[in-house]
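Hi,

Here is the structure I promised to pass on. Have a look at it first, and then read on for what turned up.

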Amino acid sequence: SCVWGVCLGHPGAVPVLKRRAVDLALLTGLALSCKIPKHTKWDRKSYYYPDLPKNYQISQYDLPLAADGVFEIDTDAGARRVRIRRAHLEEDAGKNIHDAGDYTLVDLNRAGTPLLEIVTEPDIASADEAYVFCIELQRLITHLGVGDADMQKGQMRFEPNVNLVIQSDGRDHKTPIAEVKNLNSFRSVRQAIEFEARRQFAAWQEDHDYQLGKRPNENRGWDADRGVTEFQRGKEDAHDYRYFPDPDLVPVEVSPE
């Protein structure tokens, strides 16, 4: 985990890698049938946001701790194999609080703590499947003892990337991708995906140029009270983050044992 000065960007403060976090990340990767590399490293992901005051996040780019796995879930349509693209370790950011009136509060208490991010391939085909996936993943994490995964406390969050494939005129039309950020309940996951599907279909009906590549991808937030997603900002690509190896954390060699 990182010391407080690192979170605030104080000069001279350097991060400390927590071995227990690495061990738990590897345990999760093995449980997800991932490949574990012999060599891994940490990278700096550069961006500014109020909950990340030092302007970069320690993350992993091209050499994650685990990759190429699979997680099987049981759905109403039968068993579904969801491929795991990667599971990488990074530092968490702070939390923006938007319900305090006409201003935003920033809570930095969790900034710099270890965060395991699990990324799937686009194998989930509905809001109901996503709902089941999230429940089963939480059960796995708690069963392994990797974390309490208490959604109410922000210990586990989901960020579905949603778009549609609309079949019309004998062709497939793909809508732009919307990533719904920081969902903290299974119900919100299902409702946000269902809303996004309706919103994107309506947007395509109104403008057939509302398609992937013709319109930008975006990050959206979920307003549970109103039952809608709201635009936050354009979605960045990898090159926007200017990744480079973190100079303060040494690479890690993982033995077969």
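A residue is called buried when its relative accessible area is under 20%, exposed when that area is over 50%, and partly exposed in between. Keep in mind that this is a predicted model.

With that cut-off in hand, start with Asp246: its relative accessible area is 5%, so Asp246 is buried. Its side chain meets that of Arg44 in a salt bridge, at 2.9 Å from N to O. What joins up here is two distant parts of the chain, 202 residues apart: Arg44 sits in strand β2 (residues 43-46), while Asp246 lies in the loop between β15 (244-245) and β16 (252-253). Arg44 has 14% relative accessibility and therefore counts as buried too.

Why would such side chains pair up at all? Opposite charges can do so when the charged atoms come close.

A second pair worth opening in your viewer is Arg190 with Asp128, where the salt bridge is 3.4 Å from N to O. This one also links distant parts of the chain, with Arg190 in helix α4 (residues 186-206) and Asp128 in helix α3, 62 residues apart. Arg190 comes out at 28% relative accessibility, so Arg190 is partly exposed. Asp128, at 41%, is likewise put down as partly exposed.

Then there is Asp223 with Arg226, whose closest N and O atoms are 3.4 Å apart in a salt bridge. Are the two partners buried or exposed? Asp223 is buried, because its relative accessibility is 18%, whereas Arg226 has a relative accessible area of 53% and so is exposed.

Beyond those pairs, Glu159, Glu179, Lys181 and Lys235 are linked in a network of salt bridges. The full count of salt bridges comes to 26, so there is plenty left to click through if you are in the mood.

Now for the helices. Helix α2 (residues 19-31) packs with helix α3 (residues 127-144) at an angle of about 130°, and their axes are 11 Å apart. That angle is neither under 35 nor over 145 degrees, and it falls outside 65 to 115, so α2 and α3 are oblique to each other. Their crossing is right-handed. Which residues make the contact? From α2 they are Leu27, Thr28 and Ala31, and from α3 they are Leu140, Ile141 and Leu144. Five of the contact residues are nonpolar and one is polar, with no charged residue in the set.

Over to you!

Methods. Residues numbered from 1 in each chain as written. Predicted model: local features only at pLDDT ≥ 70, side-chain atom pairs only at ≥ 80, totals over all residues. Heavy atoms only, no water. Axes fitted to C-alpha atoms, helices over the stretch in contact; angles between N-to-C directions. Helix = DSSP H or I, 4+ residues; strand = E, 2+ residues; numbered from the N terminus. Left-handed = near helix turned anticlockwise from the far one by under 90°. Contact = heavy atoms within 4.5 Å. Nonpolar A, V, L, I, M, F, W, Y, C, P; charged D, E, K, R; others polar. Salt bridge = Lys/Arg side-chain N within 4 Å of Asp/Glu carboxyl O. Buried < 20%, exposed > 50% of the residue type's maximum accessible area, 1.4 Å probe, protein only.
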